[in-house]
Amino acid sequence: MEMLCRIRMYHSHAYHEPLRSRATRNVMKPSRASSRGFLPLTLPKDGKLRTIFYESILEKRFLMLMAVSGDLFDIWEQPTEIRYRKPNGRIGHHIFDFLITLMSGERIAVAIKPLERVWQRNFERELECIASHMPKTFADSLMLITDRDLDVQAANAAGRDLMMRNRSLMGAAA
């Protein structure tokens, strides 16, 4: 009888394979200083679970916070690259970490970097060049997120909330 109850419980929370990632490039291989992985998120655009990859703990925190915000319609990790002219005249290529679409329809290209790297690489200036060449069909605006912008406790709470929302994933993994 116990087995029958477990089977019924499993069927009430049936597992369905998430939709595939839409990333335009493969996620980079992990290094000692990185954190790679994915989150299965149900987005209003799809109405189904989609696999969303991240390449750093900062990206993961951002994903979790956006997923529980109630304002996220869609998120595309590693979207199409943007070609731009650097101040030295050379052509550069940039792939944003995410392209998010809010429930309002606004599209925002998101770059996520540790603040120290932003300062070391003068990344804000590079983003200004990218913004001046970014097609309006790609995004309405761009946003730079650093470790100073992401609240660790809020991100951890968002992660717990996502796990509770996706109990079918937890049951399938057990």
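# Working around strand β7

Thr101 sits opposite Arg107 in β7. Keep that pair in mind while you work through these exercises on a predicted model.

**Exercise 1. Work out how β6 and β7 are joined and which way they run.**

Step 1. Start with the connection: β6 and β7 make a hairpin, with four residues between them.

Step 2. Look into the turn, where Gly105 has a positive phi of about 100°.

Step 3. Now check the pairing. β6 and β7 run antiparallel and are joined by four bridges.

**Exercise 2. Place β7 in its sheet and say what sits on either side.**

Step 1. Write down the strand order, β3-β6-β7-β8, an open sheet of four strands with mixed pairing. That puts β7 between β6 and β8.

Step 2. Find the edges: β3 and β8, each of which pairs on one side only. From one strand to the next, the twist averages 25°.

Step 3. Compare the partners of β7. With β6 it runs antiparallel, but with β8 it runs parallel, through five bridges.

Step 4. Pick out residues along the β7-β8 pairing. Val110 stands opposite Met143 in β8, and Ala111 faces Leu144 in β8.

**Exercise 3. Find the helices that touch the sheet, and decide whether β7 is mostly covered or open.**

Step 1. Take α2, which lies across β3, β6, β7 and β8 and runs at about 10° to β6.

Step 2. Then take α4. This helix packs on the sheet, touching β7 and β8, and its direction makes about 165° with that of β8.

Step 3. Count the buried residues of β7: five of its six, so the strand is mostly covered.

**Exercise 4. Trace the largest nonpolar core and see where Val110 fits.**

Step 1. As a rule, nonpolar side chains in soluble globular proteins tend to be buried together.

Step 2. Here the largest such core has 23 residues, and Val110 is among those with the most contacts inside it, along with Phe62, Leu63, Ile75, Phe98 and Ile100.

Step 3. Ask who supplies the residues. β1, β2, α2, β3, β6, β7 and α5 each give at least two, and α2 gives the most, with five.

Step 4. Separate off the other core, which has 14 residues, including Leu99, Ala111, Ile130 and Met134.

Step 5. Zoom in on Val110. Setting aside neighbours within four places in sequence, Val110 touches Phe62, Phe96, Asp97, Phe98, Ile100, Met143 and Ile145.

**Exercise 5. List the salt bridges and sort their residues by exposure.**

Step 1. There are three salt bridges to find. Side chains of opposite charge can pair when their charged atoms come close.

Step 2. Go back to Arg107. Its side chain meets that of Asp140 in a salt bridge, 3.6 Å from N to O. The pair links distant parts of the chain, 33 residues apart: Arg107 is in β7, while Asp140 is in the loop between α4 and β8.

Step 3. Apply the cut-offs: under 20% is buried and over 50% is exposed. Arg107 has a relative accessible area of 24%, so it is partly exposed. Asp140, at 42%, therefore counts as partly exposed too.

Step 4. Add Arg121 and Glu126, whose closest N and O atoms are 3.6 Å apart. Arg121 has a relative accessible area of 41%, so it is also partly exposed.

Step 5. Finish with Asp46 and Arg50, which meet at 2.8 Å, N to O. Here Asp46 and Arg50 are both buried.

Notes
Residues numbered from 1 in each chain as written. Predicted model: local features only at pLDDT ≥ 70, side-chain atom pairs only at ≥ 80, totals over all residues. Heavy atoms only, no water. Salt bridge = Lys/Arg side-chain N within 4 Å of Asp/Glu carboxyl O. Buried < 20%, exposed > 50% of the residue type's maximum accessible area, 1.4 Å probe, protein only. Core = buried A, V, L, I, M, F, W, Y, C linked by side-chain atoms within 4.5 Å. Contact = heavy atoms within 4.5 Å. Pairing = 2+ DSSP bridges. Axes fitted to C-alpha atoms, helices over the stretch in contact; angles between N-to-C directions.
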